[in-house]
Amino acid sequence: MKHYMHLNKEPFEKIKNGTKTIEMRVYDEKRRKMHKGDIIEIENRTTGEIMTVEIINMHVLSSFGDIYARWNKIALLYG
């Protein structure tokens, strides 16, 4: 399945250059439709550039604190 997202310029560029490898989102109705192997078309809100990525894994955690404790903040783009 294909999904669509819009990101601001900085996180878009960090994903593009491989610095940001984890995208975290609230597990809402839209995210519940996403699965490992699905494709996400991401549009840069500033430039309109589009890149396509594949979901290679998903982790559902109970809080953002659990996310920060588990992953490197640089990979999350918050360090």
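Let me start with Tyr68, which in this predicted model is partly exposed, with a relative accessible area of 33%. That value falls in the band between the 20% limit for buried and the 50% limit for exposed, which is why the residue is called partly exposed. Tyr68 sits in helix α3, residues 64-70, and together with Val26 and Phe64 it forms a nonpolar patch on the surface, the three having about 270 Å² of accessible area together.

Helix α3 comes up again at the largest pocket, which holds about 900 Å³ of space and to whose lining β2, β3 and α3 each give two or more residues. The lining counts 28 residues, and those nearest the centre of the pocket are Ile22, Glu23, Met24, Asn57 and Met58.

Turning to the two strands just mentioned, β2 covers residues 39-44 and β3 covers residues 50-54, and they run antiparallel, joined by 5 bridges. Within that pairing, Ile40 of β2 stands opposite Val53 in β3. The hairpin has 5 residues between the strands, and Gly48 takes a positive phi there, near 80°.

Now to the charged side chains: how many salt bridges does the structure hold? The number is 5, and I would like to go through some of them. Glu49 and Lys16 meet through their side chains at 2.7 Å, N to O, and this pair links distant parts of the chain, since Glu49 lies in the loop between β2 and β3 while Lys16 lies in helix α1, 33 residues apart. Both partners are partly exposed, Glu49 at 29% relative accessibility and Lys16 at 45%.

Glu23, which we met among the residues nearest the pocket centre, has a salt bridge with Arg25 at 2.8 Å, N to O, and these two are linked with Lys20 in a network of salt bridges. Glu23 is partly exposed, with a relative accessible area of 33%, and Arg25 likewise counts as partly exposed at 33%.

In a further salt bridge, between Arg31 and Asp28, the closest N and O atoms are 3.1 Å apart. Is Arg31 buried or exposed? Its relative accessible area is 13%, and because the limit for buried is under 20%, Arg31 is classed as buried, whereas Asp28, at 29%, is partly exposed.

Finally, a word on Gly18, which is found in the loop between α1 and α2 and counts as partly exposed at 43% relative accessibility. Gly18 and Asn44 are 26 residues apart in sequence, and their C-alpha atoms are 15 Å apart in space.

Key
Residues numbered from 1 in each chain as written. Predicted model: local features only at pLDDT ≥ 70, side-chain atom pairs only at ≥ 80, totals over all residues. Heavy atoms only, no water. Pairing = 2+ DSSP bridges. Helix = DSSP H or I, 4+ residues; strand = E, 2+ residues; numbered from the N terminus. Patch = residues over 30% accessible without salt bridge, like charges linked within 9 Å, V, L, I, M, F, W, Y side chains within 5 Å. Areas by Shrake-Rupley, 256 points an atom, 1.4 Å probe, with all protein chains shown as cover. Salt bridge = Lys/Arg side-chain N within 4 Å of Asp/Glu carboxyl O. Buried < 20%, exposed > 50% of the residue type's maximum accessible area, 1.4 Å probe, protein only. 1 Å grid on protein atoms, 1.4 Å probe; cavity = no way out; pocket = protein on both sides within 12 Å on 5 of 7 lines; lining within 4 Å. Points joined across faces, edges and corners; volume = space filled by probe spheres on them.
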